[in-house]
Amino acid sequence: MMKTMITEMFGIEHPIIQGGMHYVGFAELAAAVSNAGGLGIITGLTQRSPEDLAREIRRCREMTDKPFGVNLTFLPIVKTPDYPGYIRAIIEGGVKVVETAGNNPQKWLPGLHEAGVKVIHKCTSVRHSLKAEAIGCDAVSVDGFECGGHPGEDDIPNFILLPRAAETLKIPFVASGGMADGRSLVAALALGAQGMNMGTRFIATKEAPVHENVKQAIVAASELDTRLVMRPLRNTERVLHNAAVDRLLEKERTLGPNLRFEDIIDEVAGVYPRIMTDGEMEAGAWSCGMVAGLIHDIPTVKELIDRIMVEANAIVRERLAGFVAA
Ligand SMILES: Cc1cc2nc3c(=O)[nH]c(=O)nc-3n(C[C@H](O)[C@H](O)[C@H](O)COP(=O)(O)O)c2cc1C
């Protein structure tokens, strides 16, 4: 138990959020995180239609009576998803937290706020965090260069990005990217955040509804095993290194500024179900954070969160207090 502006805003016990993850953030994981006292998040766009999302929200509700959220990602996708439909499913499903990511969510804020939904926008820069604050987001998730998924194009790691966010923002923020344990949580709080958001760490848990191969790949990986792909398209993604990623990077080298999305479609399109559900680890490029280097086991979500809170408390009360004791 730890009280911060984030635990108060979202009605949760511990300041730990599970970020939306494509083909990982199903009801099973979101419910497990919420039941353990964190904030679980269902990934909206993994559900093929608003009706499917409504069903997933109902499934989650059957597994937990604690608050959980839904992620809505606004990325440059060829075919625009039915965002109004997804938002309706969220509101009608009684969900009170939405994690937005990617493009500016301004258009959707009035409807969400009217329905009493809090919005936490995920940003990779101080510039975008300030914009999120200005348009009325309730909180931001500040995602450093270390993060799995889309770190943006500025390449500012969390040791700089978080204190910069703290000296600039008025709304509360959580630290995201590279977070794994009690040390991460205390460091995030020390740098000015009100909690932390984790992606990759939550994949390597018993309840994460993904193929065992994915969990083993994360445990086996070190902090040296991620790569940045799609930088020439200004859609940079941090992914786990594999043969498909090598092929993709070779195309980036060969085609240079002429690279188009169509050139790399084999390595990036339709990859997630093959990796996450079927465990075909060489199927393509999939998001993974540098934090894989700090992940050595596959605990239950409750074991993970309890361990983080015990460790964080011990660091604050014993290690840090010991340094300042006269
Ligand atoms: C496999 C995977 C899929 C992800 N998919 C999404 C997504 O669909 N939408 C989104 O906003 N963030 C997505 N993310 C980013 C996470 O929500 C989170 O911001 C990020 O993982 C934090 O960095 P970490 O992995 O170092 O904890 C994904 C991350 C991973 C590892």
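**Figure 1. Ile 264 and its contacts in the predicted model.** In this predicted model, Ile 264 is in contact with Leu 248 and Lys 251, leaving aside neighbours within four places in sequence. Ile 264 is found in the loop between α11 (243–255) and α12. Is Ile 264 buried or exposed? Ile 264 counts as buried because 23 C-beta neighbours lie inside 10 Å, and the cut-off for a buried residue is 20 or more. Ala 244 is 20 residues away from Ile 264 along the chain. The C-alpha atoms of this pair are separated by 9.9 Å.

**Figure 2. Asp 266 in helix α12.** Helix α12 spans residues 265–268 and includes Asp 266. Asp 266 has 15 C-beta neighbours inside 10 Å, so it counts as partly exposed. Leu 248 is 18 residues from Asp 266 in sequence. In space, the two residues are 8.8 Å apart, C-alpha to C-alpha. Leu 248 is also one of the contacts of Ile 264.

**Figure 3. The shell around the ligand.** How many residues surround the ligand? The shell holds 29 residues. The closest are Gly 19, Ala 101, Gly 148, Gly 199 and Gly 289. Three elements give two or more residues to this shell: β3 (68–74), β8 (196–198) and α9 (200–203). By type, the shell residues divide into 9 nonpolar, 16 polar and 4 charged. Both domains take part: domain 1 (5–209) and domain 2 (212–290) each supply at least three residues of the shell.

**Figure 4. Where the two domains meet.** Domain 1 covers 5–209 and domain 2 covers 212–290. Their centres, taken over C-alpha atoms, are separated by 23 Å. Across the boundary, 19 residues of domain 1 are in contact with 17 residues of domain 2. What types of residue form the side of domain 1 that touches domain 2? That side divides into 8 nonpolar, 9 polar and 2 charged residues.

**Figure 5. The largest nonpolar core, with Ile 218.** This core has 93 residues. Those with the most contacts inside it are Ala 30, Ile 42, Ala 188, Met 196, Ile 203 and Ile 218. The core draws at least three residues from each of domain 1 (5–209) and domain 2 (212–290). Which residues does Ile 218 touch, not counting those up to four places away in sequence? Ile 218 touches Thr 200, Ile 203, Ala 204, Cys 288, Ala 292 and Ile 295. Ile 203 is thus both a contact of Ile 218 and one of the core residues with the most contacts inside the core.

**Figure 6. Helix α8 and its packing.** Helix α8 runs over residues 182–190. Its buried residues are Ser 184, Leu 185, Val 186, Ala 187, Ala 188 and Leu 189. What do these buried residues pack against? They pack against α7, β7 (173–176), β8 and α14 (301–324). Ala 188 also appears among the residues with the most contacts inside the largest nonpolar core. Gly 192 follows α8 and has a positive phi, near 115°.

**Figure 7. Asp 155, a residue with positive phi.** Asp 155 is not a glycine, yet its phi is positive, about 60°. Asp 155 sits in the loop between β6 (139–143) and α7 (158–168). Asp 155 counts as partly exposed because it has 13 C-beta neighbours inside 10 Å.

**Figure 8. Arg 234, in the loop between β9 and β10.** The loop that holds Arg 234 lies between β9 (226–229) and β10 (237–240). Phi of Arg 234 is positive, near 55°, in a residue other than glycine. Is Arg 234 buried or exposed? Arg 234 has 9 other C-beta atoms within 10 Å, so it is exposed; the cut-off for an exposed residue is 12 or fewer.

**Figure 9. The protein chain as the setting for the close-ups.** The protein chain comes to 14 helices and 10 strands. Its C-alpha atoms fill a box of roughly 60 × 45 × 40 Å, taken along the principal axes. The radius of gyration is 19 Å, which agrees with the value near 20 Å for a compact globule of 326 residues. Of the 326 residues, 48% count as buried. Among contacts between residues at least 6 apart in sequence, 63% join residues at least 24 apart.

Terms used. Residues numbered from 1 in each chain as written. Predicted model: local features only at pLDDT ≥ 70, side-chain atom pairs only at ≥ 80, totals over all residues. Domains from an automatic or database assignment. Contact = placed C-beta atoms within 7 Å. Nonpolar A, V, L, I, M, F, W, Y, C, P; charged D, E, K, R; others polar. Helix = DSSP H or I, 4+ residues; strand = E, 2+ residues; numbered from the N terminus. Near = placed C-beta within 6 Å. Core = buried A, V, L, I, M, F, W, Y, C linked by C-beta atoms within 7 Å. Rg over C-alpha atoms; globule rule 2.2 N^0.38 Å.
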